[in-house]
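This briefing describes one protein chain for a reader who is new to structural description. Please keep the sequence and the structure in view while reading.

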Amino acid sequence: MNASPTLYQPGASFLHLLHPLTKLTFSLCALVVVFAGPGGWISALLPGLLALAFLWQAGLGRRTIQVALRLLAGPAMILLGIHGFFGAGNQTILFSFGPLEIGQEGVEFALLVTIRLTAMLLASLVLVLTTHPSHLVQALTEAGFPNGLAYLLGSPLLLLPQMMARAQAIRAVQQARGLETQGSLPQRIRALFPLVAPLVFSALVDVEERSLALEVRGFSAPTRKTFLRELLDTRSQQLARRGMIALTIILFLLGVLYANA
């Protein structure tokens with residue numbers, strides 16, 4: 001089964017050419033502003049719209065929408081149903097379905113949470129879709145992070161898509177052998193172990209193989225590492241990162257004041 005080993009999409013846009021630390025800083029700052037910035041709805045919307053504009057300009061708009069719909073459509077419907085029907089603060093009734101009533105306050109809260117999750121995802125995709133995991137690990141290492149911590153932060157971008165592809169392959173193989181993965185709830189529960197067990201065992205084997213491969217290549221050696229590719233980090237990008245951090249701190253403090261007002 002052929003699948004892309006990462007979520008990274010090759011390209012030559014300005015977003016692809018930015019230093020990984022610049023994109024990482026933007027993603028982390030956007031996350032803080034979305035959940036702790038002032039204004040509620042405004043802080044939730046603006047970082048997501050800005051991230052979407054960057055991704056669209058980089059030619060990744062369609063891919064971004066596909067990923068967002070795949071990951072957030074289900075949770076958004078669940079949030080809307082739970083808070084719309086059963087929200088503790090519901091007072092204004094929008095619709096009634098027999099004994100069930102949809103409250104305006106619950107719907108608004110569900111929409112706010114969905115917008116925040118969407119903004120968080122879009123901000124992370126600025127980094128994930130335009131940065132190869134090896135480049136992120138290299139950038140963190142050059143910034144002074146320990147090798148183990150840098151690999152720990154960058155490896156999920158490489159491992160998660162591989163795990164998803166492996167899970168799909170295992171499911172296809174088990175279905176070809178006659179395993180029933182559809183149907184009633186008891187049938188799905190019985191099919192869970194034959195699907196999960198090979199995935200877990202293969203992941204453990206893969207971890208051991210990776211650790212051996214890294215050690216053979218001198219991963220834990222105390223000497224300074226050299227890299228085949230040079231990551232360009234300009235003075236303007238360094239200033240931009242400091243500016244984003246300073247702006248985020250200001251917005252965070254304003255958010256605290258706004259919440260306590």
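Leucine 195 lies in helix α10 of a predicted model. At 21% relative accessibility, leucine 195 counts as partly exposed, because burial requires a value under 20%. Leucine 195 and alanine 172 are 23 residues apart in sequence, and their C-alpha atoms are 9.8 Å apart in space.

**The chain as a whole**

- The protein chain contains 11 helices and 2 strands.
- Along the sequence, these elements follow the pattern α-α-α-α-β-β-α-α-α-α-α-α-α.
- The chain has 261 residues, of which 31% count as buried.
- Among contacts with a separation of 6 or more, 69% join residues that are 24 or more positions apart.

**Helix α2**

- Helix α2 covers residues 20-36, which makes 17 residues.
- The distance from the first C-alpha of α2 to its last is 24 Å, close to the 24 Å expected at 1.5 Å a residue.
- Among the buried residues of α2 are Pro20, Leu21, Phe26, Cys29 and Ala30.
- The list of buried residues in α2 also includes Thr22, Lys23, Thr25 and Ser27.
- The buried residues of α2 pack against α1 (14-17), α3 (41-57), α5 (104-128), α6 (133-142) and α11 (235-260).

**The pairing of α2 with α3**

- Two packed helices are described by the angle between their axes and the distance between the axes.
- For α2 and α3, the angle is about 155° and the axes are 8 Å apart.
- The two helices α2 and α3 are therefore roughly antiparallel to each other, since angles over 145 degrees count as such.
- On the α2 side the contact is made by Phe26, Ala30, Val33 and Val34, and on the α3 side by Ser43, Ala44, Pro47, Leu50, Ala51 and Phe54.
- The residues of this contact between α2 and α3 comprise 9 nonpolar, 1 polar and no charged.
- An α-helix has 3.6 residues a turn, so residues three or four places apart point the same way.

**Valine 34, a residue of α2**

- Valine 34 is found in helix α2 and is buried, with a relative accessible area of 1%.
- Leaving aside neighbours within four places in sequence, valine 34 is in contact with Ser43, Ala44, Pro47, Arg116 and Ala119.
- The C-alpha atoms of valine 34 and isoleucine 115 are separated by 9.1 Å, although these residues are 81 residues apart along the chain.

**The pairing of α4 with α5**

- Helix α4 (residues 61-86) packs with α5 at an angle of about 160°, and their axes are 9 Å apart.
- The helices α4 and α5 are therefore roughly antiparallel to each other.
- The crossing in which α4 passes α5 is right-handed.
- From α4, the contributors to the contact include Thr64, Val67, Ala68, Leu71 and Leu72.
- From α5, they include Gly106, Val107, Phe109, Ala110 and Val113.
- The contact of α4 with α5 involves 15 nonpolar residues, 6 polar and no charged.

**Threonine 64, a residue of α4**

- Is threonine 64 buried or exposed?
- Threonine 64, which lies in helix α4, is buried, with a relative accessible area of 0%.
- Apart from neighbours within four places in sequence, threonine 64 is in contact with Leu52, Leu55, Leu122, Leu125 and Leu129.
- Of these partners, Leu122 and Leu125 are also among the α5 residues that make the contact with α4.

**Helix α6 and what follows**

- In α6, 8 of the 10 residues are buried, so this helix is largely enclosed by the rest of the structure.
- The buried residues of α6 are Pro133, His135, Leu136, Val137, Gln138, Ala139, Leu140 and Thr141.
- Glycine 144, just after α6, takes a positive phi of about 105°.

**Leucine 231, a loop residue**

- Leucine 231 is found in the loop between α10 (192-216) and α11.
- This loop residue, leucine 231, is buried, with a relative accessible area of 12%.
- Which residues does leucine 231 touch, not counting residues up to four places away in sequence?
- Leucine 231 touches His19, Pro20, His135, Gln138, Ala139 and Glu142.
- Of these, His135, Gln138 and Ala139 are listed among the buried residues of α6, and Pro20 among those of α2.
- Leucine 231 and glutamate 142 are 89 residues apart along the chain, and their C-alpha atoms are separated by 9.5 Å.

Technical notes:
Residues numbered from 1 in each chain as written. Predicted model: local features only at pLDDT ≥ 70, side-chain atom pairs only at ≥ 80, totals over all residues. Heavy atoms only, no water. Helix = DSSP H or I, 4+ residues; strand = E, 2+ residues; numbered from the N terminus. Expected span 1.5 Å × (residues − 1). Buried < 20%, exposed > 50% of the residue type's maximum accessible area, 1.4 Å probe, protein only. Contact = heavy atoms within 4.5 Å. Axes fitted to C-alpha atoms, helices over the stretch in contact; angles between N-to-C directions. Parallel < 35°, antiparallel > 145°, perpendicular 65-115°, else oblique. Left-handed = near helix turned anticlockwise from the far one by under 90°. Nonpolar A, V, L, I, M, F, W, Y, C, P; charged D, E, K, R; others polar.
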